[in-house]
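Trainee: I want to test the labels we put on this model. Ask me for nothing yet; just show me the structure and let me question each term.

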Amino acid sequence: MAIRESGENYLETILILQQRNGVVRSVDVARELGFTKASISRAMNVLSKAGYVEIADDGAVLLTKEGSARAHEILHRHQVIARFLVQALGVDEEIADTDACRIEHVVGPEVFAAMEKLVS
């Protein structure tokens, strides 16, 4: 199922928090993104219905196999684009990271492959 940019951002954030902290709860995602708990709760319901996350009985947010694969793909795109902006264009790392977060959702496969080839 296709998800929007915001859904991709949630998946990426869940993966990053999972790698950093192990267990992820909706409140952690809210804190990381600066959104309200209610907003995150709605998003988790959408992602759950789409099959990308499961909410455990203890409130932990778990990526499904499909959710994990999608989150890893999004994070990889983010990292490659940020590296490209820094290495090829000389952009400041903080700015590159912020802009990569926007670019990762819209750049096409051919352009991404060229970026990836350049920074590999």
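**Labels and their grounds**

Mentor: Start with Thr13, which counts as buried at 9% relative accessibility. Keep in mind that this is a predicted model.

Trainee: What makes Thr13 buried?

Mentor: Buried means under 20% relative accessible area. Thr13 has 9%, so the label holds. The residue sits in helix α1.

Trainee: Which residues does Thr13 contact, leaving aside its neighbours within four places in sequence?

Mentor: Val29, Glu32 and Leu33. Contact means heavy atoms within 4.5 Å.

Trainee: Take Glu32 next. Why is Glu32 called partly exposed?

Mentor: Its relative accessible area is 39%. Partly exposed runs between the 20% and 50% limits, so Glu32 falls in that class. Glu32 belongs to helix α2. With residues up to four places away left aside, Glu32 contacts Thr13, Leu17 and Arg20. Its C-alpha atom is 19 Å from that of Glu93, 61 residues apart along the chain.

Trainee: Ala30 is also in helix α2. Is Ala30 buried or exposed?

Mentor: Buried. Its value is 4% and the limit is 20%, so the label follows. Outside the four-place window in sequence, Ala30 touches Phe35, Thr36, Lys37 and Ile40. Ala30 and Asp57 are 27 residues apart in sequence, and their C-alpha atoms are 19 Å apart.

Trainee: And Ser26, what makes Ser26 partly exposed?

Mentor: Ser26 has 23% relative accessibility. Buried needs under 20% and exposed over 50%, so Ser26 is partly exposed. This residue lies in helix α2 too.

Trainee: How far is Ser26 from Gly59, in sequence and in space?

Mentor: They are 33 residues apart in sequence and 7.6 Å apart in space, C-alpha to C-alpha. They also touch. Beyond four places in sequence, Ser26 has contacts with Ile40, Met44, Gly59 and Val61.

Trainee: Now the aromatics. How many aromatic pairs does the structure hold?

Mentor: It holds 1.

Trainee: Why are Tyr10 and Phe35 called a pair, and what sets the type?

Mentor: Two numbers decide. A pair of aromatic rings is described by the distance of the centres and the angle of the planes. The centres of Tyr10 and Phe35 are 6.2 Å apart, and the limit is 6.5 Å, so they pair. The planes stand at 80°; over 60 counts as edge-to-face, so that is the type.

Trainee: Why do you say the pair ties together separate parts of the chain?

Mentor: Tyr10 is in helix α1 and Phe35 is in the loop between α2 and α3, so the pair ties together parts 25 residues apart in sequence.

Trainee: Which class of burial does each partner get?

Mentor: Tyr10 has a relative accessible area of 9%, under the 20% limit, so Tyr10 is buried. Phe35 has 41%, between 20% and 50%, so Phe35 is partly exposed. With residues up to four places away set aside, the contacts of Tyr10 include Val29, Leu33, Phe35 and Ser39. Tyr10 and Ala71 are 61 residues apart along the chain, and their C-alpha atoms are separated by 8.6 Å.

Trainee: On to the core. What makes a set of residues a nonpolar core?

Mentor: Its members are buried nonpolar residues joined through side-chain atoms within 4.5 Å. The largest such core has 20 residues. Leu11, Ile14, Met44, Leu47 and Val53 have the most contacts inside it. At least two residues each come from α1, α2, α3, β2 and α4. The most, 5 residues, come from α1. Another core lies apart from it, with 11 residues, among them Ile81, Ala82, Phe84 and Ala96.

Trainee: Which residues does Val53 touch?

Mentor: Not counting residues up to four places away in sequence, they include Leu11, Ile14, Met44, Leu47 and Val61.

Trainee: Last, the largest pocket. How much space lies in it?

Mentor: About 290 Å³. It is lined by 16 residues, and Glu12, Thr13, Leu33, His78 and Cys101 are the closest to its centre. Helix α1 gives the largest share of the lining, 7 residues.

Trainee: What is the make-up of that lining by class?

Mentor: The lining has 7 nonpolar, 5 polar and 4 charged residues.

Key. Residues numbered from 1 in each chain as written. Predicted model: local features only at pLDDT ≥ 70, side-chain atom pairs only at ≥ 80, totals over all residues. Heavy atoms only, no water. 1 Å grid on protein atoms, 1.4 Å probe; cavity = no way out; pocket = protein on both sides within 12 Å on 5 of 7 lines; lining within 4 Å. Points joined across faces, edges and corners; volume = space filled by probe spheres on them. Helix = DSSP H or I, 4+ residues; strand = E, 2+ residues; numbered from the N terminus. Nonpolar A, V, L, I, M, F, W, Y, C, P; charged D, E, K, R; others polar. Buried < 20%, exposed > 50% of the residue type's maximum accessible area, 1.4 Å probe, protein only. Phe/Tyr/Trp six-rings, centres within 6.5 Å; stacked < 30°, edge-to-face > 60°.
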